[in-house]
Protein chains: 4
Amino acid sequence: MNTTFRGVIPPVVTPLTADRQLDRASFKRSIDRLVDAGVNGLFFLGSSGEVAFSTDERRREIIEAAIEFTAGRVPVLVGCIDTETERVIAHAKVAAELGADAIVATAPFYALGGLPEIENHFRLIHEAVDLPLFAYDIPVCVHVKLPGDLLIRLGLDGVLTGVKDSSNDDVSFRFLCDANRKAGHPLVLLTGQAGVVEGAYMVGADGSVPGLGNVECTGYVRMWQAYEAGDWATVRTEQDKLAALMNIVNVTSGVSGFGAGVGAFKTAMALLGIFETNQMPNPVRALTGANVEAVAGVLRECGLEPVRTAEEVSASTVVA
Amino acid sequence: MNTTFRGVIPPVVTPLTADRQLDRASFKRSIDRLVDAGVNGLFFLGSSGEVAFSTDERRREIIEAAIEFTAGRVPVLVGCIDTETERVIAHAKVAAELGADAIVATAPFYALGGLPEIENHFRLIHEAVDLPLFAYDIPVCVHVKLPGDLLIRLGLDGVLTGVKDSSNDDVSFRFLCDANRKAGHPLVLLTGQAGVVEGAYMVGADGSVPGLGNVECTGYVRMWQAYEAGDWATVRTEQDKLAALMNIVNVTSGVSGFGAGVGAFKTAMALLGIFETNQMPNPVRALTGANVEAVAGVLRECGLEPVRTAEEVSASTVVA
Amino acid sequence: MNTTFRGVIPPVVTPLTADRQLDRASFKRSIDRLVDAGVNGLFFLGSSGEVAFSTDERRREIIEAAIEFTAGRVPVLVGCIDTETERVIAHAKVAAELGADAIVATAPFYALGGLPEIENHFRLIHEAVDLPLFAYDIPVCVHVKLPGDLLIRLGLDGVLTGVKDSSNDDVSFRFLCDANRKAGHPLVLLTGQAGVVEGAYMVGADGSVPGLGNVECTGYVRMWQAYEAGDWATVRTEQDKLAALMNIVNVTSGVSGFGAGVGAFKTAMALLGIFETNQMPNPVRALTGANVEAVAGVLRECGLEPVRTAEEVSASTVVA
Amino acid sequence: MNTTFRGVIPPVVTPLTADRQLDRASFKRSIDRLVDAGVNGLFFLGSSGEVAFSTDERRREIIEAAIEFTAGRVPVLVGCIDTETERVIAHAKVAAELGADAIVATAPFYALGGLPEIENHFRLIHEAVDLPLFAYDIPVCVHVKLPGDLLIRLGLDGVLTGVKDSSNDDVSFRFLCDANRKAGHPLVLLTGQAGVVEGAYMVGADGSVPGLGNVECTGYVRMWQAYEAGDWATVRTEQDKLAALMNIVNVTSGVSGFGAGVGAFKTAMALLGIFETNQMPNPVRALTGANVEAVAGVLRECGLEPVRTAEEVSASTVVA
């Protein structure tokens with residue numbers, strides 16, 4: 001069983017300047033803060049890393065900065081998310097060239113296909129790029145659920161190193177964990193459901209990829225350590241606190257999807273002084289006004305005191 | 001907070017004779033076995049209680065037998081599942097007349113509607129029938145997810161006593177549990193995901209409604225007691241064993257949906273001598289041959305020795 | 001090929017009194033108006049006939065009144081819509097007993113299943129009830145699309161007499177019509193898409209079941225006659241006028257699904273003096289105020305002058 | 001109303017060599033054949049033009065060849081299909097630089113969003129690139145249906161020149177055509193449903209984008225001319241013949257989605273000697289054996305005699 005990619009591996013959110021350039025200073029600050037908190041790895045260009053919104057040039061810029069700022073302190077996983085095999089391979093080659101430690105790919109999307117195409121897709125990526133490959137199971141984005149038996153088979157064949165499970169299907173994740181154990185643990189199984197990591201640990205997950213970790217990561221690290229120590233009461237207490245904080249994604253109004261979720265993460269990080277702005281990539285709009293206030297309110301309730309006012313954050317995306 | 005409906009409340013599977021009549025002897029045997037195992041209540045005419053397949057006459061027959069055989073030892077909840085309000089109310093009045101302790105209703109289905117219709121639906125049922133009302137959140141059947149804020153509001157208004165959550169959406173269930181706690185615990189929150197009950201307990205569920213409990217209920221009872229005692233290691237051990245048993249629904253082939261799920265439960269119960277047959281309601285066919293063997297194999301792996309052969313069970317649905 | 005059920009067969013909307021009883025006088029008025037317009041049959045207790053909202057007692061009342069008021073002038077088809085086989089058969093036996101000329105059933109819904117269950121379902125209904133059987137293909141309600149090859153096979157086997165297609169999938173309907181022709185026309189193929197009947201005629205449909213026909217049926221009859229005569233210019237002109245009228249379902253706000261669609265039909269019929277009220281079945285609310293005005297506006301634009309004011313119609317659902 | 005983009009505008013299928021390079025000779029042959037048949041424009045890099053499977057480099061190669069081979073004889077539309085705004089704009093700038101006459105973009109996909117993001121997306125693309133912009137409405141790929149009122153508003157604001165409708169929702173298309181007429185015809189409305197173009201013409205479409213036109217285009221041209229002349233009987237006859245030919249996508253087995261649809265088109269074109277191979281892009285496999293035979297059988301039934309054997313076509317994808 002692979003042990004390089006166990007533990008807490010947050011999907012790193014990408015900071016932008018007001019005019020939507022990569023904000024390198026904020027990016028470095030955030031990466032340092034995560035590494036200092038004790039994470040076991042960092043996942044760049046995931047769904048919350050705005051991979052779908054980033055041009056190829058921007059993706060390259062993000063990977064280069066990620067590798068530079070992480071500086072080998074923890075493994076770097078890079079999302080190579082695109083519609084079909086050859087496009088994914090093109091991204092994967094860039095990631096390999098720039099020094100990624102592992103790559104992460106979803107099932108094909110946009111065009112219609114079936115399981116034979118999905119299996120062939122992962123096999124072809126693995127043949128083309130010599131890096132550990134994680135399957136990213138995210139049906140809400142790609143509209144197909146990766147079947148457990150396919151994943152195990154690809155693990156046993158050495159095609160997949162692990163799975164990042166964002167399927168919000170805890171029943172299937174439970175069966176996957178059990179089947180993986182029976183098969184000799186070929187796959188590293190990471191949950192991406194930041195609000196219910198404790199449930200994934202209960203069924204034997206090898207780690208977590210919590211988007212909320214961008215805002216507050218020490219709790220996820222403590223929860224992981226408690227899990228390793230079999231201290232379930234602490235696992236539960238830590239998760240309860242994090243779930244309360246997760247309410248930043250529920251208290252806004254008039255926004256939805258990525259704008260509500262990552263929008264709240266970025267806003268919280270701007271309020272806490274980690275990010276310079278809460279700017280969002282086109283065509284999404286940044287949170288403003290009452291929505292920023294609402295996020296600040298949740299932070300305060302959870303004992304995270306903002307260092308900037310809601311007005312300052314709302315103003316942060318105005319291009320000078 | 002209501003304490004009458006806490007704990008383990010299995011959704012009782014309905015036994016049929018070979019010619020698809022209610023098999024009263026098997027039904028009594030199963031109910032006695034569940035009560036003896038220490039359950040806190042029994043839920044009849046749920047999805048796995050084949051409510052959708054049962055005529056009105058059969059539903060009445062099931063409720064009467066359920067009340068008679070349970071004999072007041074534990075509370076009896078009755079599913080009043082139908083397309084729209086007036087049809088649900090008609091079922092609920094029968095349940096009330098026959099002595100049910102609570103009724104369970106889904107959102108409307110078949111006709112298209114929105115949240116105002118759903119809210120009105122539950123309010124009208126509550127006004128029409130003077131019994132504790134549970135909302136049954138089962139999007140896979142009714143194609144809508146009940147929003148947490150609606151459920152809490154209906155709880156605070158005294159319309160709903162609780163929720164039976166079969167949404168397979170652990171993130172939403174987590175938010176619902178937290179919101180319920182904040183609101184003063186107006187709702188009894190029961191999870192219907194038999195394979196991941198431990199995750200639901202981690203987030204604070206008030207009980208479970210495990211279909212698999214029909215096959216093996218003592219584990220669910222021990223898990224509940226361990227949860228109440230804060231003994232998480234035992235919670236986890238018990239759930240792991242039950243999840244292994246849950247594989248009876250995965251080892252068959254050529255069947256799907258209700259036929260695969262409840263079909264496996266009935267087959268296991270026939271193999272264990274609880275049910276006389278594994279007959280299924282029209283238009284579903286009972287498991288036979290290799291599928292029965294496969295279920296028997298899982299039972300043995302889990303230490304539950306069949307008392308009948310696969311051949312005997314396969315033959316049990318032949319009409320003399 | 002069956003010729004009893006060809007042509008225009010509107011799905012008859014069910015009028016209610018303010019206190020939600022069957023409004024027999026309005027029902028008779030509407031049926032007479034449809035028969036006088038020259039329809040070729042009448043379909044009661046379809047989706048727009050509020051079958052899902054009607055108790056068994058109400059369904060019986062509707063069928064009795066329908067048979068009485070139609071008085072043999074045209075064939076009467078009755079929707080036997082329920083979750084699974086035995087429940088559908090129970091409805092079908094009532095319909096047969098009361099004198100229906102044909103029955104209409106959907107695929108099973110609520111419980112999960114597959115194609116073998118669907119095929120068995122229709123075969124069992126056919127065996128149980130000696131009346132022509134139509135399959136009602138309405139995936140938006142039952143969440144499965146009936147495959148063309150299954151329908152043709154059931155037609156050739158004498159199980160199905162025809163199909164009422166409400167799938168809003170004109171590509172599949174085209175393939176079904178072609179396959180039916182090739183197979184010797186075993187099935188009567190009726191389209192339920194009231195706004196694009198001309199497209200269905202282009203591909204060779206045997207008739208239509210237009211909900212909008214409740215409001216204005218003479219256009220559908222003229223379109224059918226033009227189709228039979230090969231006069232496509234008239235087919236097109238008539239459909240264009242009907243499509244303009246169909247905007248009654250688009251001009252309202254704050255309502256959705258059945259409440260918007262059948263709600264607009266009932267409101268138009270109340271404005272035109274055919275129905276006494278525009279009352280809707282629980283839990284749906286009748287259109288009021290600006291929504292009634294908007295429907296009246298479309299009627300006027302289409303040359304159908306309301307005989308009652310919007311205020312009168314809005315007031316019609318107030319229980320005295 | 002724009003008249004540059006009316007009529008028959010096939011989505012051109014991309015031929016590959018056995019080793020999956022762009023087959024320029026076959027591409028030229030196909031383009032010449034389409035122009036000679038009398039098409040009114042050509043749409044490259046649509047869904048059936050394998051845009052989702054093509055790397056950026058391949059997309060550029062296709063556009064260059066398309067412009068070169070079309071040689072100004074008809075307008076060239078280029079699909080700029082990618083997940084989000086900035087990625088689409090990057091493609092659109094390449095298309096503009098290489099000489100496209102119009103660009104075609106879908107709603108954003110992969111990341112979750114709402115209508116404000118979709119509207120902003122089209123506005124930003126229009127601001128960034130000075131070419132006529134078509135919205136590509138293809139919910140089966142992007143999992144959202146573009147609302148008619150949004151499309152009309154973007155048409156009136158000069159953002160959109162037209163819509164390529166592949167929604168398989170003829171009811172919505174009917175409403176869109178009517179609303180467009182009422183608004184002064186700001187949008188060119190093209191249907192992408194190759195099997196039911198006649199229905200779209202009945203409701204007033206401005207043209208069609210038939211994938212099947214790659215195999216046989218003269219029928220689509222004759223149908224368009226008949227439509228312009230009001231000769232509906234000919235419209236119907238031509239469509240009936242084309243629908244019979246469309247069965248090439250139904251007669252195969254063991255394949256699905258893009259592999260079945262475009263796979264059948266490419267196979268037919270290889271059998272007819274237009275394409276050198278029926279090779280498919282990774283991870284999809286080309287049709288072989290009995291599937292190629294089946295396609296050849298439909299061609300023959302439709303009077304299109306293959307010039308190569310099924311064996312030759314099956315062998316065509318073997319890399320030397």
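# A chat about the interface of chains C and D

Guide: In this predicted model, the surface that chain C and chain D bury between them comes to about 2400 Å², with 52% of it on carbon and sulfur atoms.

Visitor: Which three residues of chain C supply more of that area than any other three?

Guide: They are Arg174(C), Met202(C) and Arg236(C), which together account for 27% of the area that chain C buries against chain D.

Visitor: And how many residues does each chain bring to the contact?

Guide: Chain C gives 28 residues and chain D gives 29 residues.

Visitor: How many salt bridges are there between the two?

Guide: The count between chain C and chain D is six, and one of the salt bridges is formed by the side chains of Arg174(C) and Glu198(D), with 2.7 Å from N to O. Arg174(C) is thus named twice here, being also among the three residues that supply 27% of the buried area on the side of chain C.

Visitor: What about polar contacts across that interface?

Guide: Twelve residue pairs are in polar contact across the interface of chain C and chain D, counting pairs in which both residues have pLDDT 80 or more.

Visitor: Which elements of chain C give two or more residues to that side?

Guide: Those elements are helix 7 (170-182), helix 8 (197-202) and helix 10 (232-245) of chain C. By residue class, the side of chain C that touches chain D divides into eleven nonpolar, eight polar and nine charged residues.

Visitor: How is chain C laid on chain D?

Guide: A turn of 180° with a shift of 0.0 Å along the axis lays chain C on chain D with an RMSD of 0.0 Å, and that is the relation of a two-fold axis. Within chain C, the C-alpha nearest the axis belongs to Gly199(C), at 2.1 Å from it.

Visitor: Why can one say that the copies meet through the same surface?

Guide: Because 100% of the interface residues of chain C are also interface residues in chain D, the two copies meet through the same surface.

Visitor: Which chain pairs have no contact?

Guide: Chain A and chain C are joined by no contact, and their closest C-alpha atoms lie 17 Å apart; likewise no contact joins chain B and chain D, whose closest C-alpha atoms lie 17 Å apart.

Visitor: Switching topic, where does UniProt put the active site in chain A?

Guide: The UniProt record, an unreviewed entry, places the feature "active site" at Tyr136(A) and Lys164(A). They span 29 residues in sequence, yet no two of their C-alpha atoms are more than 4.8 Å apart, so they gather at one spot. Tyr136(A) itself lies in strand 5 (residues 133-137) of chain A.

Visitor: How many salt bridges does the structure hold over all chains?

Guide: It holds 92 over all chains, including one between the side chains of Arg123(A) and Asp157(A), at 2.8 Å from N to O. Arg123(A) lies in helix 4 (residues 115-128) of chain A, whereas Asp157(A) lies in the loop between helix 6 (148-156) and strand 6 (162-165) of chain A, so the pair ties together parts that are 34 residues apart in sequence.

Visitor: What about the backbone: which peptide bond is cis in chain A?

Guide: A cis peptide bond joins Asn282(A) and Pro283(A), with omega about 5°, and Pro283(A) is found in the loop between helix 11 (257-271) and helix 12 (289-301) of chain A. In chain D, the bond from Asn282(D) to Pro283(D) is cis, with omega near 5°.

Visitor: And what is phi of Leu45(B) near?

Guide: It is near 60°, a positive value in a residue other than glycine, and Leu45(B) lies in the loop between strand 2 (42-44) and helix 2 (56-70) of chain B. Most residues other than glycine have a negative phi, and most peptide bonds are trans.

Note on methods
Residues numbered from 1 in each chain as written. Chains lettered and ligands numbered in written order. Predicted model: local features only at pLDDT ≥ 70, side-chain atom pairs only at ≥ 80, totals over all residues. Heavy atoms only, no water. Contact = heavy atoms within 4.5 Å. Buried area = accessible area lost by both parts, 1.4 Å probe. Salt bridge = Lys/Arg side-chain N within 4 Å of Asp/Glu carboxyl O. Polar contact = N/O pair within 3.5 Å; in protein donor to acceptor, adjacent residues only side chain to side chain. Helix = DSSP H or I, 4+ residues; strand = E, 2+ residues; numbered from the N terminus. Nonpolar A, V, L, I, M, F, W, Y, C, P; charged D, E, K, R; others polar. Least-squares fit on C-alpha atoms with pLDDT ≥ 70 in both. UniProt positions renumbered as here; feature names shortened; annotations may be inferred.
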